[in-house]
Amino acid sequence: MSLEKLLIRQFRNINSANLNFNPKINLIVGANGSGKTSLLEAICFLGLGRSFRTHLSNRVISYDRKEFTLYGEVHNQNITVPIGLQKSKSGETLLKINGLHGKKLANLTQYLPLQLITPESYTLLTGSPKNRRSFLDWGVFYHDQLFYHNWARIKRLLKQRNAALKQCRTYNELQVWDNELCLLSEAISAQRQAYFDLLIPLINATITDFLPGFSISSQFFCGWDKNNKSLQDYLTDNFNRDKQLGYTTAGPQKADIRFKINGLPIGDLLSRGQLKLFVYALRLAQGLFLNSFDNKQCVFLIDDFSSELDKVKQKTLAKHIINSNAQLFITVIEKNNIETLFGQERTVFHVEHGKITEE
Ligand SMILES: Nc1ncnc2c1ncn2[C@@H]1O[C@H](COP(=O)(O)OP(=O)(O)OP(=O)(O)O)[C@@H](O)[C@H]1O
Ligand SMILES: [Mg+2]
């Protein structure tokens, strides 16, 4: 899958752009504040239906304008899918996929599998388990068609259970939610575990190149200690505590992936540059997985490629990124040595005060 064309109107400081992208490598060059991240954000909006910088979609509408419009053409195995999205300040959303109105924003994700890497991406390792769950679920979502259904169902069930927790007096009143909850939890955990087991060798292969000499271990935690007791037992035993807290403390909503070096959490030990490389290894592994197991092409949005990385690491990274067989959108402040890293088969875009021109 690749994004071939993109038309932008009134998005951040980009008033108007009409772009034809390279199916492989797109380098986006411009000074601070020129609009590079805004261009990635526009691609992200078309692929996910939301921004990676704000949850308030009004923020991305150009100052003094009433709406933004995006139109893109996604190419997948000789088929082109046109996607149009308009969002207005009044809250109205118009989405047209393949000529059809009335689709939901959630439908967008299947067309453009996006992987985003920004200077803040290290928080995948240092931040809350929620970040790592989203990382994992991204891959399971594309790999296992039944996952989304299970995931959406359990999210609803948990919402209902947590609401019931606040009202009920004895555990028996909750049993009605928990039979289905336990079955779905087992299913989701098995789907996540199966995906993660296949992903690990791909992660390890890249890590040895990025962080030689480090011995890294990884483990999937399903959200409760299976070796200790069943989820049903946790739900029963935790009743009083969960009631007090007002939410369910064991289950797949608490899943995590734990990476360690010599038994210690990775986020406490590695430098910022090393953490960034680790995140690259994780995301590149997912891109390779998508390509080899699921026969889909991933789209990488890489903001500020060179930040925090020395020249040698940039070279190693560029080699891996090119080999990932993904479509790449890479922003840099200065072209300098970047062009030599990414070869000749690429398109360069210059961004200046929101105006984007192809070189
Ligand atoms: N809603 C908006 N309407 C118009 N301009 C905006 C809006 N939101 C942000 N801007 C401006 O858009 C400009 C481009 O921001 P952007 O983050 O894309 O720059 P950048 O090229 O990525 O810069 P850097 O290299 O510093 O990361 C900034 O000057 C910012 O103030
Ligand atoms: Mg930027």
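**Exercise 1. The ligand**

An oxygen atom of ligand 1 is 2.7 Å from an N or O atom in the side chain of Thr-37; work out which backbone atoms also lie close enough to ligand 1 to count as polar contacts, meaning pairs of N or O atoms within 3.5 Å, where pairs within protein must join an atom able to donate a hydrogen to one able to accept it and residues adjacent in sequence count only if both atoms are side-chain atoms.

*Solution.* Before starting, note that this is a predicted model, in which local features need pLDDT of at least 70 and side-chain atom pairs count only at pLDDT 80 or more, while totals for chains, interfaces and linings use all residues. Residues are numbered from 1 along each chain as its sequence is written, chains are lettered from A and ligands numbered from 1 in the order in which they are written, and side-chain values use heavy atoms, with hydrogens and water left out.

Step 1. A backbone N or O atom of Ser-34 lies 3.2 Å from an oxygen atom of ligand 1.

Step 2. A nitrogen atom of ligand 1 has a backbone N or O atom of Tyr-63 at 3.1 Å.

Step 3. For the surroundings, count a residue as near if one of its heavy atoms lies within 4 Å. There are 15 residues around ligand 1, and those that come nearest are Gly-33, Lys-36, Thr-37, Ser-38 and Arg-53.

**Exercise 2. Helix H3 and its helical neighbours**

Describe how H3 is set against H4 and against H5, using helices (H or I, at least four residues) and strands (E, at least two) that are DSSP runs numbered from the N terminus.

*Solution.* Step 1. Axes are lines fitted to C-alpha atoms, for helices over the stretch in contact, and angles run from 0 to 180 degrees between N-to-C directions. The axes of H3 (residues 129-143) and H4 (residues 147-167) come within 8 Å and cross at roughly 130°. That angle makes H3 oblique to H4, because angles under 35 degrees count as roughly parallel, over 145 as roughly antiparallel, 65 to 115 as roughly perpendicular and the rest as oblique.

Step 2. Taking contact as heavy atoms within 4.5 Å, we find that Asp-137, Val-140 and Phe-141 in H3 meet Phe-147, Tyr-148 and Trp-151 in H4. The residues of this contact divide into five nonpolar, no polar and one charged, where Ala, Val, Leu, Ile, Met, Phe, Trp, Tyr, Cys and Pro count as nonpolar, Asp, Glu, Lys and Arg as charged, and the others, Gly among them, as polar.

Step 3. H3 and H5 pack at an angle of about 95°, with their axes 9 Å apart, and that makes H3 roughly perpendicular to H5. Among the residues of H3 that take part are Arg-133, Leu-136 and Val-140, while those of H5 include Arg-192, Tyr-195 and Leu-199. The contact of H3 with H5 divides into seven nonpolar, three polar and three charged residues.

**Exercise 3. The sheet of three strands**

In which order do the strands of the open sheet with three strands stand, and which are at its edges?

*Solution.* Step 1. Two strands pair if DSSP finds at least two bridges between them. The order is E9-E10-E11, with antiparallel pairing.

Step 2. E9 (216-221) and E11 (264-265) are the edge strands, since each pairs on one side only. Two bridges join E10 (residues 256-261) to E11, and Lys-260 stands opposite Pro-265 in E11.

Step 3. H3 packs on this sheet, touching E9 and E10, and its direction makes about 105° with that of E10. H5 (residues 175-210) also lies across E9 and E10, running at about 170° to E9.

**Exercise 4. The sheet of six strands**

Find why one side of E8 and one side of E15 are left without a neighbour in the sheet.

*Solution.* Step 1. The six strands form an open sheet in the order E8-E12-E13-E3-E14-E15, and the pairing is mixed.

Step 2. E8 (114-117) and E15 (355-358) stand at the edges with a single partner strand each, so one side of each has no neighbour in the sheet. From one strand to the next the twist averages 20°.

Step 3. Inside the sheet, six bridges join E3 (residues 25-30) to E14 (residues 346-352), which run parallel, and Asn-26 stands opposite Thr-347 in E14.
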